[in-house]
Amino acid sequence: MQRPSTLLGIVILLSALACGCTQSLVYSPSMNMPAQPLKGNQMQLLGGVGNLAETRPDKTEDSSETAFGCEGALRIGLCEHFTLQFKGWKDLSDNLRSQRYGTSFSVLATLNDSSKWRFTLIPTAALVFGGGDLEGGGGGLFLSPAYNPRRDISFYLAFGPAFGMRKLEQENKQWGWGLLANCGSSLLIRDKLTVNVELAGVRQVNEYDDIKDFMICPSLNLGYIF
């Protein structure tokens with residue numbers, strides 16, 4: 001039997017998901033893979049700008065598929081094979097008057113020890129907010145192959161399925177899914193400073209509105225390892 005506190009938490013979460021009113025929410029499709037996996041005693045701060053994907057582009061004021069925004073992340077290295085990531089983003093555009101932002105939690109699990117080719121599995125869970133209220137959530141599972149011609153530079157891809165949901169009542173199923181495909185480069189400067197330049201492509205299927213969209217989301221992020 002579930003504890004009362006657990007049931008209360010579920011009720012609060014479902015209530016928040018059911019009462020939101022923002023027409024379109026935003027999420028960050030960027031991956032910003034590191035040039036080298038973090039070690040067990042390292043942390044990384046990332047921050048930058050880029051295009052965020054709109055969940056319902058047809059509901060924005062000018063039918064924009066993306067929204068200009070900012071993003072930031074904190075990474076904590078548990079060991080060379082596992083890194084925890086906490087990420088947040090915020091809409092800076094005029095697509096809608098509502099304040100829109102989101103947060104996600106990811107695990108970067110490196111699958112091999114090769115110095116040239118590296119494969120990383122990235123399970124991710126996310127929450128999205130509009131007007132100060134929690135309005136939806138989602139997640140995804142991504143695989144990122146990366147090539148290191150030198151220790152201080154990496155060229156990477158990332159791809160995988162993702163889904164999002166807002167309301168799941170039988171008569172009002174607001175949910176969707178999609179495929180993400182990213183390509184980018186990561187530069188490590190003097191073992192401390194990092195630069196990520198990336199382009200993300202999103203194929204999005206809105207099951208509630210029966211609409212399909214394709215979006216291109218470039219981003220630029222700077223980071224520091226300590």
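Trainee: Why does Arg151 count as partly exposed?
Mentor: Its relative accessibility is 48%. Exposed starts over 50% and buried lies under 20%. The value falls between the two cut-offs, so Arg151 is partly exposed. Keep in mind that this is a predicted model.

Trainee: And what makes Asp191 partly exposed?
Mentor: The relative accessible area of Asp191 is 43%. That also lies between 20% and 50%, so the label is partly exposed.

Trainee: How do you know that Arg151 and Asp191 meet in a salt bridge?
Mentor: Their side chains come to 2.8 Å, N to O. The limit is 4 Å, so the pair qualifies. This pair links distant parts of the chain, 40 residues apart. Arg151 is in the loop between β7 and β8, and Asp191 is in the loop between β9 (172-189) and β10.

Trainee: How many salt bridges does a search of the whole structure find?
Mentor: The search finds 7.

Trainee: What makes Arg100 and Glu54 a salt bridge?
Mentor: The closest N and O atoms are 2.6 Å apart. That is within 4 Å, so the pair counts. Arg100 is in strand β5 and Glu54 in strand β2, 46 residues apart. Both residues are buried, so each has under 20% relative accessible area.

Trainee: Which residues meet in a salt bridge at 2.8 Å between β7 and β8?
Mentor: Glu135 and Arg166, with 2.8 Å from N to O. Glu135 belongs to strand β7 and Arg166 to strand β8, 31 residues apart. Glu135 and Arg166 are both buried.

Trainee: Now the rings. Why is the pair of Phe86 and Phe105 called tilted?
Mentor: Start with distance. The rings are 5.2 Å centre to centre, and the limit is 6.5 Å, so they pair. Then take the angle. The planes differ by 45°. Stacked needs under 30 degrees and edge-to-face needs over 60, so this pair is tilted. Phe86 lies in strand β4 (residues 82-91) and Phe105 in strand β5 (residues 100-110), so the pair ties together parts 19 residues apart in sequence.

Trainee: Are these two rings buried or exposed?
Mentor: Partly exposed, in each case. Phe86 has 40% relative accessibility. Phe105 has 35%.

Trainee: What makes the pair of Tyr101 and Phe129 stacked?
Mentor: The angle between the planes is 10°. That is under 30 degrees, so the pair is stacked. The centres are 5.1 Å apart. Tyr101 is in strand β5 and Phe129 in strand β6 (residues 117-130), 28 residues apart.

Trainee: Why is Phe129 buried?
Mentor: Phe129 has a relative accessible area of 18%. The cut-off is 20%, so Phe129 is buried. Tyr101 has 29% relative accessibility, so Tyr101 is partly exposed.

Trainee: How many aromatic pairs does the count come to?
Mentor: The count comes to 4.

Trainee: How do you know that β3 and β4 pair?
Mentor: They are joined by 10 bridges and run antiparallel. Pairing needs at least two bridges, so they qualify. A hairpin of 2 residues joins β3 to β4. Cys79 stands opposite Phe82 in β4. On its other pairing, β4 meets β5 over 9 bridges, again antiparallel. There Lys90 stands opposite Tyr101 in β5.

Trainee: Which residues make up the covered face of β4?
Mentor: Thr83, Gln85, Lys87, Trp89 and Asp91. The uncovered face holds Phe82, Leu84, Phe86, Gly88 and Lys90.

Trainee: Why does Leu78 count as exposed?
Mentor: Leu78 has 51% relative accessibility. Exposed means over 50%, so Leu78 passes. Leu78 sits in strand β3 (residues 66-79). Leaving aside residues up to four places away in sequence, Leu78 touches Gly40 and Leu84.

Trainee: How many disulfides are there?
Mentor: The count is 0. Cys79 is partly exposed at 31% relative accessibility, and Cys70 is partly exposed at 27%.

Trainee: Which residues of the largest nonpolar core touch the most other members?
Mentor: Met31, Met33, Trp89 and Ile122, out of 21 residues. Strands that each supply at least two core residues include β2 (43-54), β6 and β7 (133-150).

Notes: Residues numbered from 1 in each chain as written. Predicted model: local features only at pLDDT ≥ 70, side-chain atom pairs only at ≥ 80, totals over all residues. Heavy atoms only, no water. Phe/Tyr/Trp six-rings, centres within 6.5 Å; stacked < 30°, edge-to-face > 60°. Helix = DSSP H or I, 4+ residues; strand = E, 2+ residues; numbered from the N terminus. Buried < 20%, exposed > 50% of the residue type's maximum accessible area, 1.4 Å probe, protein only. Core = buried A, V, L, I, M, F, W, Y, C linked by side-chain atoms within 4.5 Å. Contact = heavy atoms within 4.5 Å. Disulfide = S-S within 2.5 Å.
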